[in-house]
Structures are given as C-alpha cells and as structure tokens.
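Visitor: Could you walk me through this model, starting with one of its helices?
Guide: Happy to! Let's take a look together.

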Amino acid sequence: MTTSATPAPNGSPADDESSGLRSRSRWRAGLRVRMLAVIVLALIPILTLSGLYTQSRFETARDNQRELLAARAQITAQSQRQLIMGAGSMMNALARQAPVRLGGALCARALAQALADQTAYSNLVRVNARGVVACSAEPLDDAVRFDEARWFAEARDSGHFIVGALEIDPITSQAIIRAVSPVFDPEGDFAGALATGIRLSALEDLGRERAGEARSALVDREGRVLTQSRDMGLARVDAALMAEAAQAGSARFTGAGPDGAPRQFVLVPLLSTELYALLAESAPEFLEFALVDVTGTIVLPVLMLVLAGAVIWIATDVMILRWLRYLQRVAAAYGKGRYSVRPRRARRAPGELRELAAGFDTMARSIAERDEALTRSLAYQEMLLKEVHHRVKNNLQIITSLINLQMRSVDDPKAAKVLGDAQSRINALALVHRSLYEAGDFAKINLKPFFEELCTLTHAAVGGEERTLDLVTEIEPALLGAERCIPLALFVTEAMTNAYKHAFEGRDSGTLTVSVQMDGARNLTASVTDNGVGAAGSPEPGRRGVGGALFDAFARQLGGKAEAGAGPDGGHGVSITFPLLDDEGPAEA
C-alpha cells in the first residue's frame, strides 16, 4: 500500500519561505552561469580579431612571396637567356670571318680561339650547306653529318638564330642545348651554319645562382624536368601550363613537394618554347606563419584562454561536478535496490542541486513503497497460481481415478485399452502441473527430474515391471517452457505406451530407452527406442495409427518434426526434434 504526502495549503508562510529560498538559489546559480558566458563571449572577439589579423598578414606575405618568386624567375630566365644570346652573338661575329665562312684550313683554329675562354659552351662547329661538319673547335676523327638534325633544317628554312632541344653532342658526348646560327654567302644564299652546344650544367649553375634560396630547374618543350638544383617533387609540367607560359610570358601554379608540403612554382620560357626556366619555393602555411609572431598571435590568446579555462574548470568542479558525482553514487545505490540511502551531504550543495537531491530522495521513497507493494502483490499472485496448478493436478488425478473405476467395470478389452491410453495422457498432464507448483518457477520446467518421474510412472502404469522389461532414461538437464512441456510429455507418454503394446509381443524381456538431448545448434531431440520386434513384425505395420498422427501434431506444436524408423538394436524408434527458444537452454544438473 502506497501513501502520498498531503500538500501544504496555498499561501502558507512555510511554502512562501521555501519558494523564496529556491528563487534566490536559482538567481545565484544563474549569475554564475552568466559570468561564465561573459568570459567566453569576451574571449571570442579577441580570438576572432587575432585570427583575422593573422589571416590578413598571412595572405599579404603569401602574395609578396609569389611576386618575389615570379621576379626571381624572370631574373633567372634573363640570365640564362643572355647566356644563350651570347652564343648567338659569338657565332654571328665568327660568321663574318672569311676562314670560318669559307670553312678552310684556318677555320678550326678560329673556332678554337673563340671557344678558348667560353667555358659555358661545349664545342663550336662549322657545318656546310649539305650538313657535313667542315671544321670543329674539337678535333674530329671521322666525318660528322648533321643533315638529318632537326635544328639544321630549322636554321636553313628560317634563316635565323635558333635554339634546339636537349641532345648529346656526338663530338664531345656532353649533354647540351644546341644553339645554331645560319651562314650565308655574299649572294645571300644559305651556305651552312655555325653550331655550338650550351652546356646543360652551365645553365643549371646559372639558375641555381640566380634562384637564391628557391629551387631551380630547366624544362624542355615536352614538359620534362631536365635539371633541378634540389628535388622539386615534380617530374613533368602540364602542357596547359607550358602553353600559358609561352603565351603570357610566365605561368604560376601550386603543387606538392616530395614531403607532401605545398609549393609555389613559376614557369618562364627562354628564347623559344624549346626550353623553360622553372623556380619553386615552399608555400607558407598558416600555422608556421602564425608561429613567427608567437606572442601576439598565439601566446596571449592562448594564455587568456588557459586562464579562463582553469577558472571555469575549478569553479565547475567545486560547485557542480563533485555534487553530481555524489548524486551519481546515490543513483547507483538506488539502481542496486538500496533505497534506504539518503543524499544528506547534498544539503551543502548549490540550490538547484539541493532540489535535485530532494527529488532523488522523494523518488527513492516512492520506489521503495511501490516495490514493497509489488512484492506483496507478486507473492499473492504466485500463491494463487500455485494453488491453480495444484487444483488442476488434483482434478486431473480425480479424472484418472474415475477412469480407473470405469475400466474395472468395462468388459470390452478395446474399450479398456482406449480408457488406459486416455489415463496415461491425463497422468502426463497432471505431472506437468505438479512439477510447476512444486518447482516454484511457473514459466520453466527442468526436463531431467520431470521426465525421469514421468517415464517411471508410465513404465509402472503399462505393466513394464510385471513383464520384466527394462527402462533406460538418458535425460539431459535442460529448461523448457511450461506450455511446450505438455506436448513433449504427451509425445513421450504416447511413444512409451505404443512401444509397450507392440514392440515386445511374444517376448518375456526387452529394453526401452528414453533419451532427451540437446545439440550445438540449440535443437532438442526427444526419442523413444526399443529392441523389440520392430515395425515390420508389429501387428500394425508402420505404427502410423492414432499414435503416429499424435506425433505429427505434437511436432507441429513445438515447431519441429517427428521421425520414425528402425532402432539401433533392431527394434523401432520414434523421435521429435525442435528448436529451443531464446529463454530455454541448459540447466544445472
């Protein structure tokens, strides 16, 4: 029986005073919350402005770096361009000299003298109009022809100074960029060309010198990186970027270095689209930039945030969290059923937490009262249910006794047999109800003691002891629902009765085995086997009369299947297999 507190009259002085205390407690707690909000709101604009200012400076520095890298790339390209143009000026001057123009015996000496102090150039050759080398600054062992070289055809067709692609000089075996200047006779006809090789290493050294801290590289017209001062993490330049550089004079793009860090690139063409200068520099990252001005950008805001966080942390722990942990322990005790615990320490807590603790206390008292009432009601219900099972068992036993009296006055053996079968089935039902009220658990039945007693009673009822028949039970401890025990018990009773009637006709002894076992797939199999005459020698072949129909009905009730066949000892056996439910399974022996 539960009780409820009577509310105080409206407008009483005690109620007004408690309301005032709660209101003041809420106001104090609300003030603390507002102070915390003020601190957080005060920090947000400072952190926001600091972040915006740093972001603005970062973008300005990044733009300045891009412009500086572009200017440095133009300077690098101009220096390399001057080196290439110097080769053209040198060859134009040599083309005016008669020995060189005619390609006579003094040609090689003139070329060697011109090349003596030019370390950037690999060799200097005079090629006649047929593409054959007429003379060379470097000695020649065999005749060398360039009539099929692309640069020779371009110089002949264009009549202008040209720069070729990267190649290996067949005379010096060095990697060079070919520079070619056409030579004309006095009538203005093409008389051949002067060609030299600009050392690739000279262009690379010049690029490294002019690039400063940036990485420099040379790129051919196919976009391949020919040389690089340091690893750029780039093996080929996109064709669209090269077209942009050729058209606009430069192309800027971003990429990633070997370490995955972002980099800025600038691509600038040299004299023609055969060769490009490429410069790269690590792109600034916002975090690294912010670390430069540590005090104004990071330290001060972080210090303010840390101090505010420490104050908030300590204040929250002292005023709120420790009380919540205490109430959590109280709630855990309530969860274990210890409703006698009272949160007395919470009287020193802030107002809202005191009200929460009072709610916990009220809740625990109410639950304890309701549990007590439910316990009494459950005990009463269990007593009633136990009495119902007891009375059902008694009524079934009365019916069994009435059938027994009726059997004594029946002279027809078939009628007596029918009454005996009914009596066995009623005995099985009575045993189920007796097991329920004796076990105390009205939902589950332990199959081992239940079936051992059921088999013993059935064995005695059908005269198994008088006929010297042996009964063997192999029952595994298992819990089964009470409603599902009834069809299983009727199956075992029916199978044993049929076996005693038909399996041992004409025999003085025999063995009947009753087995109830579980498998790993959570299936339960109940079987009754004998070593009698077998189904073929039975007066009722196949034994699929009323008993067989009942077996199928019991199997359907249990959601399984019934099977019949020859037993392992030459007799006959029947079994029923069905799956266990989630709340059914092994039981303690």
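Visitor: Which residues of helix H3 are buried?
Guide: Keep in mind that this is a predicted model. Helix H3 covers residues 107-115. Its buried residues are Cys107, Ala110, Leu111, Ala114 and Leu115.

Visitor: Within what arc do the buried residues of H3 fall, seen down its axis?
Guide: An α-helix has 3.6 residues a turn, so residues three or four places apart point the same way. On the other side of H3, Arg109 and Gln113 are exposed. The buried residues line one face of the helix, because the arc they fall within is 130°.

Visitor: Which helix gives the most to the largest nonpolar core?
Guide: That core has 41 residues, and Leu83, Leu94 and Leu111 are among those with the most contacts inside it. Several elements supply at least two residues each, including H3, strand E1 (121-128) and helix H1 (13-95). The one giving the most, with eleven residues, is H1.

Visitor: What is Leu83 in contact with, leaving aside its neighbours within four places in sequence?
Guide: Leu83 is among the residues with the most contacts inside the largest nonpolar core. Its contacts beyond those neighbours are Ala120, Tyr121, Ile198, Ala202, Leu203 and Leu206.

Visitor: How many residues does the second, separate core have?
Guide: Leu480, Met496, Tyr500 and Phe504 are included in this second core. Its number of residues is 39.

Visitor: Is Ser575 buried or exposed?
Guide: Ser575 is found in strand E17 (residues 572-579). Residues it touches beyond four places in sequence include Phe491, Thr525 and Lys561. Its relative accessibility is 16%, so Ser575 counts as buried.

Notes:
Residues numbered from 1 in each chain as written. Predicted model: local features only at pLDDT ≥ 70, side-chain atom pairs only at ≥ 80, totals over all residues. Heavy atoms only, no water. Buried < 20%, exposed > 50% of the residue type's maximum accessible area, 1.4 Å probe, protein only. Helix = DSSP H or I, 4+ residues; strand = E, 2+ residues; numbered from the N terminus. Arc of directions from axis to C-beta. Contact = heavy atoms within 4.5 Å. Core = buried A, V, L, I, M, F, W, Y, C linked by side-chain atoms within 4.5 Å.
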